[in-house]
Amino acid sequence: MSPLVPTHFPGPKARLAWGLALLATFAGAQNLTDGQIDVVSARLADSALLSWELGTRAQTILELNATEYSVFSSSSLPPPKTIPSSLASTHGIDPFFAIAHQVVANRSTANNNTSGPQAFLPDGSAGDPASIGVAVLLAEWTNQDNGKLDYAGAAKDQLDFLLNDVPRTSDGAISHRVSEVQLWSDFIYMAPPFLAYYGVLNRNRTLIAEAYNQIKLYRGHLRDDSTGMWKHVLLGADFNDPGFWCTGNGWAAAGMLRVFATMKQSEYANTFKNEQKDLSTWIKEIHDAIYPHLDNTNIFTNYPDQPATASGNFYDAACTALLASTVYRAALVTKDASHIADADRTRATLFSTNTSQPASSNSSTSLDGYAHLTTDGWLTPVVNPHSFGEQGKESPEAQAFVVQLHAGYREWVTGGSKVHNSAMRSGHVSISVMWLTLLLAGLGLMM
C-alpha cells in the first residue's frame, strides 16, 4: 500500500479529516513561476560560498537557464563553442562562467601560490572542489576571458591532484577526504561527473571509465545489501556515519545520473552501454529502497528509515526535493518512470500553499503562504548543510535542489509521456480525482 494511505482509520471523523487534508494539499499545489524561481535562485547565489556549494550552483544554472550545455540535453556533447546571444545574460549562462572565473582567477592566492597538482580551492575534502570542474572545463571550451586565464591548466591540476595525490582504499576508491581515506556518499555527485566530462571533452575513454569505476567502488563499500540504501560515511579515524543519510542517497543518485547522461550524450555511448545499464540499475536501487520510507507528510526524514521522533532526526525538505528531481531525470534519461507518482506527490507538497494563508496572487515573485518556502525564498525545513545531524535554517544546497526539481519537472512535462502531459495540463485534476476515489473508498462510500 502507498505510504500516503494509512493502514487503519480510528473512526469516521478521522477518515474524513485525513481525506480533506490530503485533498487540500493537492488542491493548493502549483508550479512555481519563473519569478519565484528567481527568488529561490537569488538566495542560492547569495549563500553559495564553499566548494561543493559553488559546484552545485554551477550545475543548477545549466539545468535551469542553459539546458543546451547541460548533459541532460541531447545536443550538449560536444557543447557549442560559441555562446548563443540568448544565453549571454545574468538570467542565462553568465553566472555559471562567473563561478569559473572567480575560482581560477583566485586559485594561486587561495592555494598559497602552489604550482602543479592542486584542488581548485583549498578544502579538507578531496572530492568537493572537483564539483567546480565542469564549469572550468566549459570556460576553457568556450574561450572565456579570451585566453587570459588558464582554465585548461587549472582543470588539469585538479584532475592530477584527484587521481594522483589523494589517498585511496586498497581497491582503488579515491578518498573523499585529503587527510585520510574516508568514503562519503556525497563524493558521487562531486568527482565522477567531472572525470566523465573531462574524458568526453578531451576524448579520453580512460577517464570516462574511471568515473564509472569510482561509482562502482563506492557502491561496493557504501550500499547496504539489506536495505538497498547507501550509508553516508565509512572508514577514517575521525568519525563515521553508517546511517542512511537522505541527502547522501540523493547525492549518489544525482551524480550517477550525470555520469549516465554524459556517457549517453557523447560519442562513446555505444562503448559504455554496459556501464550505462549498471548506472541505470543502481539509480533505481536507491529509488526503490528509499521511497517506501516516505510517510504521509510526503517529506523524508533526515534518516528515512527512522521516524521524525527519533533522537536527532527531523523532516528534511532538501533531500526530498533532490530525490524528486532525480526521479524526473531518471524517467527522461534512463526511461525508468516507476517512481513518478512518488515524485509528483512530494513535489506537490513542497510547492503547496498553506490553505489558512493563501498564496498571494498579486505578484509572480511572491512566496507568501507557501508551506515549505519562506517569503524570501528559503526552503524549509532543511538539514544543516555543515552539520548533517542537525536541523538548519538556510541551506545553499537546498536552494539548488528546489531549482533542480523545478527544471527536471519542467523537462519531464515537456519530454515525458503523453498521458502525464495530459494530466498535468488539467491542473492536477487527475491527481485530485485519484485521491478523492481513495478517500471515498476508505469511507465506504464507493462500491
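Gln-265 counts as buried in this predicted model, because its relative accessibility comes to just 13%, under the 20% cut-off. Its place in the chain is the loop that links helix 11 (246–264) to helix 12. Leaving aside residues up to four places away in sequence, Gln-265 touches Val-71, Phe-72, Ser-73, Ser-74, Ser-76 and Leu-77.

Past that loop comes the pairing of helix 12 with helix 13. Two packed helices are described by the angle between their axes and by the distance between those axes. Here, helix 12 spans residues 273–290 and helix 13 spans residues 317–333, and their axes come within 11 Å, crossing at roughly 130°. That angle falls outside the perpendicular range of 65 to 115 degrees and isn't over 145, so helix 12 and helix 13 end up oblique to each other. As for handedness, helix 12 goes past helix 13 in a left-handed crossing. On the helix 12 side, the contact is made by Ile-283, Ile-286, His-287 and Ile-290, while helix 13 brings in Leu-323, Thr-326, Val-327 and Ala-330. Sorted by type, the residues of this contact come out as six nonpolar and two polar, with no charged ones.

Zooming out to the whole protein chain, the secondary structure adds up to 17 helices and four strands. Of its 447 residues, 57% count as buried. Contacts between residues at least 6 apart in sequence often span a good stretch of chain: 65% of them join residues at least 24 apart. On the outside, the protein chain exposes about 17900 Å², and carbon and sulfur atoms supply 52% of that area.

Technical notes
Residues are numbered from 1 along each chain as its sequence is written. This is a predicted model: local features need pLDDT of at least 70, side-chain atom pairs count only at pLDDT 80 or more; totals for chains, interfaces and linings use all residues. Side-chain values use heavy atoms; hydrogens and water are left out. Axes are lines fitted to C-alpha atoms, for helices over the stretch in contact, and angles run from 0 to 180 degrees between N-to-C directions. Helices (H or I, at least four residues) and strands (E, at least two) are DSSP runs, numbered from the N terminus. Angles under 35 degrees count as roughly parallel, over 145 as roughly antiparallel, 65 to 115 as roughly perpendicular and the rest as oblique. A crossing is left-handed if the near helix is turned anticlockwise from the far one by less than a right angle, and right-handed if clockwise. Contact means heavy atoms within 4.5 Å. Ala, Val, Leu, Ile, Met, Phe, Trp, Tyr, Cys and Pro count as nonpolar, Asp, Glu, Lys and Arg as charged, and the others, Gly among them, as polar. Buried means under 20% relative accessible area, exposed over 50%, partly exposed in between (1.4 Å probe, protein chains only). Accessible areas come from the Shrake-Rupley method with a 1.4 Å probe; for residues, only the protein chains shown count as cover.
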